[in-house]
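The following exercises are to be worked through with the sequence and the structure at hand. Each task is followed by a solution in steps.

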Amino acid sequence: MDTFTHAFAGALLGKALFSQQKLSPETPAAAEHSPAARAAIWSVTLASAFPDIDVFYDIFSRDDMATLKYHRYVTHSFLCMPLWALGLAWLTRWVLRRFGVPSPTVLWLWLCYLVGIASHILLDLATSFGTMCWSPLSRARPSWDILFIVDFCFTAIVLLPQVAAWIARNPENSLRRALRMWALFVLLTVGAFALAESAGVGFAPVSIVIASGVIGALFFLSAGWPPLAKWR
């Protein structure tokens with residue numbers, strides 16, 4: 001799975017699991033958008049992207065096959081996951097306190113990073129490339145082969161609900177936000193179509209129209225337009 005989709009999935013998990021928890025002594029009844037809650041959400045997002053840091057092996061290795069050998073290795077390991085989470089939790093807590101930002105406890109941050117890293121490993125297991133989830137004890141690459149490494153449909157599934165929620169958050173500017181986001185996602189849809197065509201994996205041009213219509217309906221309904229749409 002590409003790193004951006006991992007991060008989008010992490011943001012969705014963070015908002016679902018940690019946005020309204022009792023995160024720290026400084027915020028005993030932390031609301032969804034308190035600084036501590038935002039720190040927790042960003043931690044899950046960062047954790048969901050973190051394992052792909054191993055793509056930088058190429059910079060330090062003279063082996064042309066380094067990416068194939070070491071990508072999805074120890075940073076993608078269930079066995080190493082608690083240690084990565086603890087180190088990142090401590091570092092995050094230190095940075096936030098140094099800049100005077102209310103922070104969740106190290107335990108909460110550790111849980112945030114565990115959730116994010118675990119989601120990354122599980123999503124990579126679902127791809128055709130597999131992942132060395134039991135490294136360093138085993139270099140086997142289990143793979144469920146459900147998704148391709150880049151899957152625009154899955155990316156949309158984890159990203160669009162978050163954009164829709166952001167549009168609905170501010171009723172005064174929701175329609176303007178919906179228009180802007182719809183225009184952006186239409187461009188992204190056209191770009192995905194062109195990318196697929198260049199890779200020899202084309203699909204019917206009418207798919208652009210259908211996808212744009214579905215996205216537009218989601219965004220404008222989230223903005224409360226037309227006025228009859230009172231489901232939100």
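## Exercise 1: A residue in a loop

Task. Determine whether Thr-131 is buried or exposed, and describe its surroundings in this predicted model.

Solution. Step 1. Thr-131 has a relative accessible area of 0%, so it is buried; the cut-off for a buried residue is under 20%.

Step 2. Thr-131 belongs to the loop between helix 6 and helix 7.

Step 3. With neighbours within four places in sequence left aside, the residues in contact with Thr-131 are Arg-72, His-76, Ile-121, Asp-124, Leu-125, Ala-140, Arg-141 and Pro-142.

## Exercise 2: The overall fold

Task. State how many helices and strands the protein has, and what share of its residues is buried.

Solution. Step 1. The secondary structure consists of nine helices and zero strands. Along the sequence this gives the pattern α-α-α-α-α-α-α-α-α.

Step 2. Of the 232 residues in the protein, 42% are buried.

Step 3. Consider the contacts with a separation of 6 or more: residues 24 or more positions apart account for 62% of them.

## Exercise 3: Checking a helix

Task. Compare the expected span of helix 2 with the distance between its end C-alpha atoms, and then describe what covers this helix.

Solution. Step 1. Helix 2 comprises residues 35-49, which is 15 residues. The expected span is 1.5 Å times one less than the number of residues, so helix 2 should span 21 Å.

Step 2. The end C-alpha atoms of helix 2 are 21 Å apart, which agrees with the expectation.

Step 3. Helix 2 is mostly covered, with 11 of its 15 residues buried. Among them are Ala-36, Ile-41, Val-44 and Ala-49.

Step 4. The cover over the buried residues of helix 2 includes helix 1 (3-18), helix 5 and helix 6.

## Exercise 4: The nonpolar cores

Task. Identify which helix supplies the largest share of the largest nonpolar core.

Solution. Step 1. The largest nonpolar core has 14 residues. Those with the most contacts inside this core are Met-81, Ala-85, Leu-88, Tyr-113, Ile-117 and Ile-121.

Step 2. At least two residues of this core come from each of helix 5 and helix 6. The largest share, seven residues, is supplied by helix 6.

Step 3. Leu-88 serves as an example: leaving aside neighbours within four places in sequence, Leu-88 is in contact with Phe-50, Tyr-113 and Ile-117.

Step 4. There is also a second, separate core of 11 residues, which includes Met-181, Ile-215, Phe-219 and Ala-223.

## Exercise 5: Aromatic rings

Task. Describe the pair Phe-78 and Trp-134 and the pair Phe-185 and Phe-219 by distance and angle.

Solution. Step 1. The whole structure contains five aromatic pairs.

Step 2. In the pair of Phe-78 and Trp-134, the centres are 5.5 Å apart and the planes meet at 50°, an arrangement that is tilted. Phe-78 is in the loop between helix 4 (66-70) and helix 5 (81-98), while Trp-134 is in the loop between helix 6 (106-125) and helix 7 (152-169). The two residues are 56 residues apart, and the pair thus links distant parts of the chain. With a relative accessible area of 45%, Trp-134 is partly exposed.

Step 3. The rings of Phe-185 and Phe-219 are 5.5 Å apart, centre to centre, with 75° between the planes. The cut-off for edge-to-face is over 60 degrees, so this pair is edge-to-face.

Step 4. Phe-185 lies in helix 8 (residues 174-198) and Phe-219 in helix 9 (residues 206-222), so their pair ties together parts that are 34 residues apart in sequence. Both Phe-185 and Phe-219 are buried.

Step 5. Charged groups are also found over rings. The charged end of Arg-139 sits over the ring of Tyr-73, 4.5 Å from the ring centre, and Arg-177 lies over the face of Trp-166 at 4.2 Å from the ring centre.

## Exercise 6: Two cysteines

Task. State how many disulfides the structure holds, and classify Cys-80 and Cys-153 as buried or exposed.

Solution. Step 1. The structure holds zero disulfides.

Step 2. Cys-80 has 16% relative accessibility and therefore counts as buried.

Step 3. Cys-153 has 58% relative accessibility and therefore counts as exposed, the cut-off for exposed being over 50%.

Technical notes. Residues numbered from 1 in each chain as written. Predicted model: local features only at pLDDT ≥ 70, side-chain atom pairs only at ≥ 80, totals over all residues. Heavy atoms only, no water. Phe/Tyr/Trp six-rings, centres within 6.5 Å; stacked < 30°, edge-to-face > 60°. Helix = DSSP H or I, 4+ residues; strand = E, 2+ residues; numbered from the N terminus. Buried < 20%, exposed > 50% of the residue type's maximum accessible area, 1.4 Å probe, protein only. Lys NZ or Arg CZ within 6 Å of the ring centre and 35° of its normal. Core = buried A, V, L, I, M, F, W, Y, C linked by side-chain atoms within 4.5 Å. Contact = heavy atoms within 4.5 Å. Disulfide = S-S within 2.5 Å.
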